[in-house]
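Colleague: Please show me the model, and let us then discuss its local geometry.

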Amino acid sequence: PGEIKACRRWLGEELEQVAPQVVVALGKTALAALLQTYEPQRLRLADFAEPFRHEEHWLVVAPHPAAVLRAGDGGEQRFDELVAALTRAHQLAPAAG
């Protein structure tokens, strides 16, 4: 989508300035922006269940919090996925522990 292309420059600058060890992508659009893939609808979050190295940092993929709230009957599972992803990100962070 257009917002990915429009904001990519700022995202790149922020990643360069902050130099995080771990980045959490909250949802497909965030993941697409980080991977510079401009068609988030082609991504499946399930394909990115494990953290992976991308450029200079670890990338952890999680469902977007709004998707968790809209999940209806699957809301508890989506919430657990979000919590698990954030826990993994914390474990990967150098200051963790």
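The questions and answers below take up a helix, two loop residues, a pocket and a histidine.

Modeller: This is a predicted model, in which local features need pLDDT of at least 70 and side-chain atom pairs count only at pLDDT 80 or more, while totals for chains, interfaces and linings use all residues. Residues are numbered from 1 along each chain as its sequence is written, and side-chain values use heavy atoms, with hydrogens and water left out.

Colleague: On which residue is the kink in α1 centred?

Modeller: Helices here are DSSP runs of H or I with at least four residues, and strands are runs of E with at least two, numbered from the N terminus. The bend at a residue is the angle between axes fitted to the seven residues ending there and the seven starting there. In α1 the kink is about 45 degrees, and its centre is arginine 8.

Colleague: Against which elements do the buried residues of α1 pack?

Modeller: Buried means under 20% relative accessible area, exposed over 50%, and partly exposed in between, with a 1.4 Å probe and protein chains only. In α1 the buried residues are Ile4, Arg8 and Leu15. With contact taken as heavy atoms within 4.5 Å, they pack against β1, α2 and β3.

Colleague: What phi does alanine 19 take just after α1?

Modeller: Most residues other than glycine have a negative phi. Alanine 19 lies in the loop between α1 (2–18) and β1 (22–26) and is partly exposed, at 47% relative accessible area. Although alanine 19 is not a glycine, its phi is positive, at about 50 degrees.

Colleague: Is glutamine 36 buried or partly exposed?

Modeller: Glutamine 36 sits in the loop between α2 (28–35) and β2 (52–54), and its phi is positive, about 55 degrees. Because its relative accessibility is 41%, glutamine 36 counts as partly exposed.

Colleague: Which element gives the largest share of the lining of the largest pocket?

Modeller: On a 1 Å grid over the protein atoms alone, a pocket is an open set of points with protein on both sides within 12 Å along at least five of seven lines, and lining residues have an atom within 4 Å of a point. The largest pocket is lined by 13 residues, with Leu45, Ala46, Val61, Pro63 and Glu81 nearest its centre. Two or more lining residues come from each of β3 (57–62) and α4. The largest share, four residues, comes from α4.

Colleague: How far apart in space are histidine 90 and valine 24, C-alpha to C-alpha?

Modeller: Histidine 90 belongs to helix α4 (residues 75–92) and is exposed, with a relative accessible area of 52%. Histidine 90 and valine 24 are 66 residues apart in sequence, and their C-alpha to C-alpha distance is 9.9 Å.

Terms used. 1 Å grid on protein atoms, 1.4 Å probe; cavity = no way out; pocket = protein on both sides within 12 Å on 5 of 7 lines; lining within 4 Å.
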